[in-house]
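Colleague: Got a few minutes to go through this fold with me? I'd like to start with the helices and then move into the sheet.

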Amino acid sequence: MRRRELSNVVVVLNEPQNLVNIAGVVRAMRNMGLTRLRVVQPLEFDAYRITGIAHRCDDIVDSTLFFDTLPEALADCVYVVGTSARARTAQRNYGRPRELAAALVDRAAEGPVALVMGREDRGLSNEDLDLCNAVTIIPTDPDYSSLNLAQAFLVLAYEIFLAADGDEQDLPRSRRATEPATVGDMEETYRALEMGLHRLEFFKSRLPESVMRTLRTTLGRSEPELREARLFRAIGFEIYHYLNRTLGPLEETEQEGEPEAGPEDGDASHG
Ligand code: SAH
């Protein structure tokens, strides 16, 4: 992950009116690897209450810098992305979050870069947006484009995190139980299923060829592992043998195709 770039991303809250939103932003910063917060004229900023909502974020809150004006908060930044719930009339360099998150992270190699969030009731003013190199709008339902401040921030911080290769972390791997099934394994499975279905007299009113083809396309689509293929094989095998045991062999059975798989293959925990 590009930690150095993330550590150069500065989050700027311009005149936040609601402490709960500040806490929401702080918490999302922690989730997305961002640590530098600047706040311009907050209505209230109570570190104790903020960390009561944003647990284990004391370092972010304690290192928050306060400014009287937005230009002062951005003075050392080499690149600034503003945010808006809607397009304004003025000409701007608009971009979608993914594109501008990548630009932010790229420029963060050169120095501090900023993501600026506006106040809850009126967003960023035209003068505020004039300080930004680009402005991003999170796509939403056009009838209701204004997101909650902290929620909008989370979307943007997530994109920044991904742009800084945060998605290269390994996903938890599900234990791969066995090796994949081969064509040979699957042919045995289909043969066992066909035997079982035949013994059930399933094909009395259905065409074996078309039933078996549907089973092939369905199982083929799921790319079974060997363990899974063996389970289906055991199902066919058990049907066949159970009915033979209880009803006796089918009158007209041509027995030449008896499946080879033994019942021990049916244990799903095998492998
Ligand atoms: N009525 C204001 C809404 C401000 S919402 C307006 O029309 O601009 C408060 C802040 O949340 C915004 O300034 C912006 O930083 C962020 N925000 C809300 N919705 C957003 C969206 N769709 N795209 C990007 N940022 C958004």
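Colleague: How far apart are the end C-alpha atoms of α2, and what should its 13 residues span?

Modeller: Bear in mind that this is a predicted model. At 1.5 Å a residue, the 13 residues of α2 should span 18 Å. The end C-alpha atoms of α2 agree with that, being 19 Å apart.

Colleague: Which elements do the buried residues of α2 pack against?

Modeller: The buried set in α2 includes I22, V25, V26 and M29. The buried residues of α2 pack against two strands and three helices, namely β1, β2 (36-40), α3 (47-53), α4 (58-62) and α8.

Colleague: And which residue with a positive phi follows α2?

Modeller: α2 covers residues 19-31. After the helix comes a residue whose phi is positive, near 75°, and that is G33.

Colleague: On to α8. What does its end-to-end reach come to?

Modeller: α8 takes in residues 149-163, which makes 15 residues. At 1.5 Å a residue, the expected figure is 21 Å. From first C-alpha to last, α8 reaches 21 Å.

Colleague: What do the buried residues of α8 pack against?

Modeller: Among the buried residues of α8 are L149, F153, L156, I160 and F161, and E159 is on that list too. Their packing partners include the helices α2 (19-31) and α6 (97-107). The strands they pack against are β1 (9-14), β4 (79-83), β6 (113-117) and β7 (134-136).

Colleague: Which residue just after α8 has a positive phi?

Modeller: The phi there is about 70°. The residue that takes it is D165.

Colleague: Now the sheet. What is the strand order, and which strands stand at the edges?

Modeller: It's an open sheet of seven strands with parallel pairing, in the order β3-β2-β1-β6-β4-β7-β5. Two strands have a single partner each, so one side of each is left without a neighbour in the sheet. Those edge strands are β3 (65-67) and β5 (94-95).

Colleague: Which residue in β7 stands opposite G95?

Modeller: β5 and β7 pair in the parallel sense over two bridges. Opposite G95 in β7 you'll find T136.

Colleague: How many residues of β6 are buried, and which way do they point?

Modeller: V113, L115 and M117 point one way from β6, while A114 and V116 point the other way, and all are buried. β6 is largely enclosed by the rest of the structure, because the buried count is five of the five residues.

Colleague: Which strands pair with β6, and over how many bridges?

Modeller: β1 pairs with β6 in the parallel sense over five bridges, with L13 standing opposite M117. β4 also runs parallel to β6, and there V80 stands opposite A114. The bridges joining β4 to β6 number four.

Colleague: Is Y79 buried or exposed?

Modeller: Y79 sits in strand β4, where five of the five residues are buried. The cut-off for buried is 20 or more other C-beta atoms within 10 Å. Y79 has 22 of them, so it counts as buried.

Colleague: What does Y79 touch, and what is its bridge partner in β6?

Modeller: Leaving out residues up to four places away in sequence, Y79 touches L104, R107, V113 and N133. The C-alpha atoms of Y79 and V105 are separated by 9.9 Å, although the two are 26 residues apart along the chain. The bridge partner of Y79 in β6 is V113.

Colleague: Which residue of β7 stands opposite G82?

Modeller: From β4, V80 and G82 point one way and Y79, V81 and T83 the other. β4 and β7 pair in the parallel sense over three bridges. Opposite G82 in β7 is V135.

Colleague: What about the ligand: how many residues surround it, and which are the closest?

Modeller: By class, the shell has eight nonpolar, eight polar and three charged residues. In total 19 residues surround the ligand, and the closest are G118, G123, I138, L147 and A152.

Colleague: Last one. How far apart do the C-alpha centres of domain 1 and domain 2 lie?

Modeller: The protein is divided into domain 1 (3-168) and domain 2 (183-266). Their C-alpha centres lie apart by 60 Å.

Key. Residues are numbered from 1 along each chain as its sequence is written. This is a predicted model: local features need pLDDT of at least 70, side-chain atom pairs count only at pLDDT 80 or more; totals for chains, interfaces and linings use all residues. A residue is near a molecule or strand if its C-beta atom, placed from the backbone, lies within 6 Å of it. Ala, Val, Leu, Ile, Met, Phe, Trp, Tyr, Cys and Pro count as nonpolar, Asp, Glu, Lys and Arg as charged, and the others, Gly among them, as polar. The expected span of a helix is 1.5 Å times one less than its number of residues. A residue is buried if 20 or more other C-beta atoms lie within 10 Å of its own, exposed if 12 or fewer, and partly exposed in between; C-beta atoms are placed from the backbone. Two residues are in contact if their C-beta atoms, placed from the backbone, lie within 7 Å. Domain bounds come from an automatic or database domain assignment. Two strands pair if DSSP finds at least two bridges between them.
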